[in-house]
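This report looks at one structure, beginning with a helix, moving on to charged side-chain pairs, and ending with the contact between chains.

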Number of protein chains: 2
Amino acid sequence: MADEQKTRISVEIFGQTYKMVGTESSTHMRLVASMVDDKMREISSRNPNLDIPKIAVLTAINSVHDYVKLQEKVQLMEEELNKLKG
Amino acid sequence: MADEQKTRISVEIFGQTYKMVGTESSTHMRLVASMVDDKMREISSRNPNLDIPKIAVLTAINSVHDYVKLQEKVQLMEEELNKLKG
């Protein structure tokens, strides 16, 4: 993909500015950034003594957990679809 | 859920030890931790100048992006399932 087709935006996550570059729409990228920001604020408010690296790693753990659970759901749905399609 | 039914493990992510507590199996929790560790190492090797908080936030962004894309797939599959079921 040509470089000029990439989306470049600045987002604020947990008080820090990040430059994001990607092939997705800016809407998708802003949604992702705001979900990460929300998760970090949630984890931080539940554990006020954690430093930023720990909050960020816990946010990553949390997100990968959600991903793995959703992947399990996809697998079940794929099996169901295959059965229905015969 | 009673406290004694919770899984408590120590995992190493990017050279740091984290205590994880959850209601999932230790296998699931170790898988999640190792996926986060892999992602952090991958991002760090592509951007050797980044510090740990930035690597962790980028890992979280990466994971949430994967989650949102998978969620879009789930939505399409749900529509297909509903059609097939009439």
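## A helix of chain B and its two ends

How many residues does helix α2 of chain B have, and what distance does the helix reach from its first C-alpha to its last? In this predicted model, α2(B) covers residues 52-85, which makes 34 residues, and the helix reaches 48 Å from first C-alpha to last, close to the 50 Å expected at 1.5 Å a residue.

Both ends of this helix can be described at the level of single residues. At the start of α2(B), the backbone nitrogen of B:Lys54 has a side-chain oxygen of B:Asp51 within 3.2 Å, while just after the helix B:Gly86 takes a positive phi of about 75°.

## Salt bridges within a helix

Over all chains, the count of salt bridges comes to 14. One of them lies in chain A, where the side chains of A:Arg46 and A:Glu42 meet with N to O at 3.1 Å; both residues belong to helix α1 (residues 26-46) of chain A and are four residues apart, about one turn of the helix. An α-helix has 3.6 residues a turn, so residues three or four places apart point the same way. As for accessibility, A:Arg46 counts as exposed because its relative accessibility is 53%, whereas A:Glu42, with a relative accessible area of 45%, is partly exposed.

In chain B, B:Arg41 forms a salt bridge with B:Asp37, the closest N and O atoms being 3.0 Å apart. These two residues lie in helix α1 (residues 26-46) of chain B and are likewise four residues apart, about one turn of the helix. Is B:Asp37 buried or exposed? B:Asp37 is buried, because its relative accessible area is 13% and the cut-off for buried is under 20%, whereas its partner B:Arg41 is partly exposed at 42%.

## Salt bridges between the chains

Between chain B and chain A the count is six salt bridges. In one of these pairs, A:Lys85 meets B:Glu80, with the closest N and O atoms 2.8 Å apart. Why does this pair join two chains? A:Lys85 lies in helix α2 (residues 52-85) of chain A and B:Glu80 in helix α2 of chain B, so the salt bridge runs from one chain to the other. A:Lys85 counts as exposed at 53% relative accessibility, while B:Glu80 counts as partly exposed at 31%.

A salt bridge also forms between the side chains of A:Glu80 and B:Lys85, again with a distance of 2.8 Å from N to O. In addition, A:Glu24, B:Lys69 and B:Glu72 are linked in a network of salt bridges.

## The contact between chain B and chain A

The contact takes 37 residues from chain B and 37 residues from chain A, and the area buried between the two chains is about 3600 Å², of which carbon and sulfur atoms give 82%. On the side of chain B, the residues that lose the most area to chain A are B:Tyr18, B:Tyr67 and B:Met77, which together account for 15% of what that side buries.

Across this interface there are eight residue pairs in polar contact. The elements of chain B that give two or more residues to the side touching chain A are β2 (16-22), α1 and α2, and α2(B) gives the most, with 26 residues. By class, that side of chain B has 22 nonpolar, five polar and ten charged residues.

Terms used
Residues numbered from 1 in each chain as written. Chains lettered and ligands numbered in written order. Predicted model: local features only at pLDDT ≥ 70, side-chain atom pairs only at ≥ 80, totals over all residues. Heavy atoms only, no water. Expected span 1.5 Å × (residues − 1). Polar contact = N/O pair within 3.5 Å; in protein donor to acceptor, adjacent residues only side chain to side chain. Salt bridge = Lys/Arg side-chain N within 4 Å of Asp/Glu carboxyl O. Buried < 20%, exposed > 50% of the residue type's maximum accessible area, 1.4 Å probe, protein only. Contact = heavy atoms within 4.5 Å. Buried area = accessible area lost by both parts, 1.4 Å probe. Nonpolar A, V, L, I, M, F, W, Y, C, P; charged D, E, K, R; others polar.
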